[in-house]
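Colleague: Please take a close look at one part of this model for me, the pocket, and tell me what surrounds it.

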Amino acid sequence: MILLMGSVFYFLQSYAFEDFYQRIEARVSMAGKMAFEEDEQHIDVYREIRDRYLGKLPGQVEFFYKVENGEVIDGNEKGDNLVPKSFLRQILQTGKGRFSQDNDFFAGQKFAIENKEVLVVVYANDPSGFRELAMLKRTLVFSFLVYLLIVYFVAKSFSRHIMAPIVRVNKNISKIRADSLDLRLVIGKNQDEITELSQSFNDMLDRLQTSFETQNNFIGNASHELKTPIAVISAEAELALSSKELDEDLHKSLQMIHGQAARLQQIIDGLLNLARASFNEESRSKELIRLDELLFESVMILRHLNPESKINFQFDEMPENENAISLQGNSHLLQLAFSNILSNACKYSDNKPVLLKLKSELNQIVVDIYDEGIGIPEQEVKHIFEPFFRASNTSAYEGYGVGLPLAQKIIRLHRGDIYISKNHLEGGEGTHIRVVLPSN
């Protein structure tokens, strides 16, 4: 619409100026003929034709200039002030010319008969034409705004009609959760792209439902089927170790069995926690949690399990408003996530001091954990959240590569994220872990 209305205004303006110039040039031609006409009768005829058929333009003034030795001789009282000298030189060089300034229009032509040269210039102004163009501009701007509103509401109505099937599909999709995978999208009768999308989504739900049911069955059965025999193995090994009649080799073998059974139990517990954190989000209870209190509890639990751990809680950036460090979530899962992160920080730093900071930024809770440990090789950071992955410099430490993936999964279930980088505070090889969670 802007291009169309701009083009209309441009061409109408160009046409109006061209038409006005042509009307002035017609009067220049008539004035030139009258200037060289010696017969008074013929001059009267020219004057009558000009007045009857051409009329007089607004503010019209005629100027006549003699040319002697290539110089313009001004014989007009008002010519010096009104007609620009540069315009006269242009007519003298090219034979004719046009000139306009604001609302003043000039047209001129050189006439020569029998070695006599005269420059004829006609001046006029066009207030009515300018007013019409200004009115046209206002009309076009007003029409553009009106049409823009019309197009907006028509397009909005049209797009609402076009997008209605997509909105309906999106609304149905938003109702589907991990515990309601039996729901399906309604397939329309129209054989269009929306119908194909709905059918493809239903097919995907079929595959997801099968996968989730398999996972749920595994979680339900694994606790009983795996934990029971391991508990029996561990108990029998302990019972055998309590005997005083064992020789040294047999004692070592039983200790190995007991240790590996405990290790297997920890691996299974980690796997089950990882699976449970991914399944049935809606069934987990949610509560309002103050993260500073939860972190204190996690630190206390860790100090109880590992008295040599040194965790320093820094308070200087904590906000005064408790809502800024509170969130809706599952306290058990979040405590498990932070316990794993803090435990790793203490373990891989050989119980050197670990700095824990809590603050609020842009409606988000930020937890920073700095350690002075062995760090993570830069090329391996991208794999650190993969289950069972362990960095190449951790062979001297016990672990199974489950803690951080579990922590990441729990944090993402709470609509947060976790980042790992080098600890630049201490300038060593330590690790900086940042956890970002949405505040209440």
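Modeller: A pocket here is an open set of grid points where a 1.4 Å probe fits, with protein on both sides within 12 Å along at least five of seven lines. Its volume is the space filled by probe spheres set on those points. The model is predicted, and its largest pocket has a volume of about 1,200 Å³.

The lining of this pocket is made up of 45 residues. Nearest the centre lie N340, S343, N344, K347 and G403. By type, the lining divides into 21 nonpolar, 19 polar and five charged residues.

Several elements take part. At least two lining residues come from each of α7 (248-278), α8, α9, α10 and β12. Helix α9 gives the largest share, 11 residues.

Helix α9 (331-347) also belongs to another part of the model, the largest nonpolar core, to which it supplies at least two residues. In fact its share of that core is the largest, at eight residues. The core has 36 residues in total, and those touching the most other members are L291, F338, I341, L356, V367 and V435. Helices α8 (291-305) and α10 (403-413) and strand β12 (431-438) are among the other elements that each supply at least two core residues.

V435 shows how such contacts run. Leaving aside residues up to four places away in sequence, V435 touches F338, I341, I365, V366, V367, I411, D417 and I418.

Key. Residues numbered from 1 in each chain as written. Predicted model: local features only at pLDDT ≥ 70, side-chain atom pairs only at ≥ 80, totals over all residues. Heavy atoms only, no water. Core = buried A, V, L, I, M, F, W, Y, C linked by side-chain atoms within 4.5 Å. Buried < 20%, exposed > 50% of the residue type's maximum accessible area, 1.4 Å probe, protein only. Helix = DSSP H or I, 4+ residues; strand = E, 2+ residues; numbered from the N terminus. Contact = heavy atoms within 4.5 Å. 1 Å grid on protein atoms, 1.4 Å probe; cavity = no way out; pocket = protein on both sides within 12 Å on 5 of 7 lines; lining within 4 Å. Nonpolar A, V, L, I, M, F, W, Y, C, P; charged D, E, K, R; others polar.
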